[in-house]
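Student: Could you take me through one part of this protein slowly? I'd like to look at it closely, one piece at a time.

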Amino acid sequence: MLPRKDLGEPVRSQDPVEDPSVTLFREYLRIKTVHPEPNYGAAIQFLERVGAELGLACQKAEVCPGQVITILTWQGTSPQLCSILLNSHIDVVPVFEEHWSHDPFEAFKDSEGNIYARGAQDMKCVSIQYLEAIRRLKAEGKRFPRTIHLTFVPDEEIGGHKGMELFVKRPEFKALNVGFALDEGLANPTDTYTVFYGERNPWWIQVKCEGNPGHGSRFIENTAAEKMHRVITSFLEFRKSEEQRLKHDESLTLGDVTSVNLTMLNGGVSFNVVPSEMSAAFDIRIAPTVNLEAFEQQIAAWCRAAGEGVIYEFHQKNMDQCVTSTAETDPWWKAFSGACRDMNMTVKCEIFPAATDSRYIRAVGCPAIGFSPMNRTPVLLHDHNEYLNEQG
């Protein structure tokens, strides 16, 4: 019996030998927490229920109207010590169902054990992994000195501005006394597990160019389009240089260089009217080794060189360049990397190429690692037919 997809009611697996953790995972995937109208209420009910089954304390923090952080807590034997935070986001990105081979909210499992659903990799799998790890540790009678908090947050897929960004500034977060955090990473198609110790800074910039208007039959001078052409050329030439640097230096990963993409272009009212204004939007992801002040000066210089009436404004400007130590002398990293070695896991440390809620956690002085333990798995977050194998 399958659940109503919007409520996330308990599921009876059609496979009598399916691991209960997989059944729980598929139940969570069926809850439609998809933008633009994620059903956060059903997801929170699900998490509260699972938390109660595990004997975890539950509290909720409404960081703004309708945006609730759910916190499940496993109290440590020495609660005065700094705690461990296991963070995951509830929301998932939209889907284009015509490109999916299965209903993206059915959590269909094929004969090879691949589970197809939006959120399978990003990142409902990690949420269930946290919960099932605690379930198994408790079943073994384990206790730990440090308190472990699990946070389930909204809004991450659209920037986290009404989620973790607000939460880290609230007294409820400070009361958690977090010493170290785990958050999402990416799959790796090889035997290696990727671990992310920092992120590129997202800058979203809109450039506006003003110029002389006129009839489309004339050679109007000093037009907005000419200025926009110069702006776009400057941005995309820099993009090409960074792309070439990545291509020709095998020691670099995507997170080590700065990417630039033209994502929106607007202007004009009619075929025969030269517009007086045009605008372009750029998504820039800046490597943590870049001098941000100098980079903005470069952007300003590109705009000045394009001509008068060219201005830029930020729609997002992240300035924090904190990274988490991966030195073996660091006690947090030593504990994490040592556990990986004990399980014969090969890990590779990288800068995350996009942005996660970890950036807000690091910005308040808390070390955070991005880690989604999925190896031998293609990277399919935000892609059509996103899936994860039940053994992965």
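Student: How many bridges join strand S1 (residues 57–64) to S2, and in which sense do the two run?

Tutor: Before we start, keep in mind that this is a predicted model. S1 and S2 are joined by seven bridges, and they run antiparallel. To see one spot on that ladder, find Cys58: its bridge partner in S2 is Leu72. The two strands form a hairpin with two residues between them, and there Gly66 takes a positive phi near 85°.

Now stay with S2, which covers residues 67–74. This strand is mostly covered: eight of its eight residues are buried. Try following the side chains along it. Gln67, Ile69, Ile71 and Thr73 point one way, while Val68, Thr70, Leu72 and Trp74 point the other way, and all of them are buried. So Leu72, the partner of Cys58, belongs to the second group, because that group is Val68, Thr70, Leu72 and Trp74.

S2 has another neighbour too. Strand S6 (residues 148–153) is joined to S2 by five bridges, again in the antiparallel sense. Here you can look for Trp74, which stands opposite Ile148 in S6.

From S6 we can hop over to some annotated residues. His89 touches Val153, and its other contacts include Asp122, Glu156 and Glu184. His89 itself is found in strand S3 (residues 83–89). It's buried, with a relative accessible area of 1%, and the cut-off for buried is under 20%. Its side chain also makes a polar contact of 3.2 Å with the side chain of Glu156.

Why pick out His89? The UniProt record, an unreviewed entry, places the feature "binding site" at His89, Asp122 and Glu184. These are spread over 96 residues of sequence, yet they cluster in space, with a largest C-alpha distance of 8.6 Å. Two of the set, Asp122 and Glu184, are in the lining of the second largest cavity.

Let's finish on Asp122. You'll find it in the loop between strand S5 (114–116) and helix H3 (124–139). Asp122 is buried as well, with a relative accessible area of 4%. Among the residues it touches are His89, Glu184, His382 and Glu386. With His89, Asp122 shares a side-chain polar contact of 3.1 Å.

Conventions:
Residues are numbered from 1 along each chain as its sequence is written. This is a predicted model: local features need pLDDT of at least 70, side-chain atom pairs count only at pLDDT 80 or more; totals for chains, interfaces and linings use all residues. Side-chain values use heavy atoms; hydrogens and water are left out. Buried means under 20% relative accessible area, exposed over 50%, partly exposed in between (1.4 Å probe, protein chains only). Helices (H or I, at least four residues) and strands (E, at least two) are DSSP runs, numbered from the N terminus. Two strands pair if DSSP finds at least two bridges between them. UniProt positions are given in the numbering used here, feature names are shortened, and annotations may be inferred rather than shown by experiment. On a 1 Å grid over the protein atoms alone, a cavity is a set of points where a 1.4 Å probe fits but cannot get out, and a pocket is an open set with protein on both sides within 12 Å along at least five of seven lines; lining residues have an atom within 4 Å of a point. Contact means heavy atoms within 4.5 Å. A polar contact is a pair of N or O atoms within 3.5 Å; within protein, one must be able to donate a hydrogen and the other to accept it, and residues adjacent in sequence count only if both atoms are side-chain atoms. Lists of a residue's contacts leave out its neighbours within four places in sequence.
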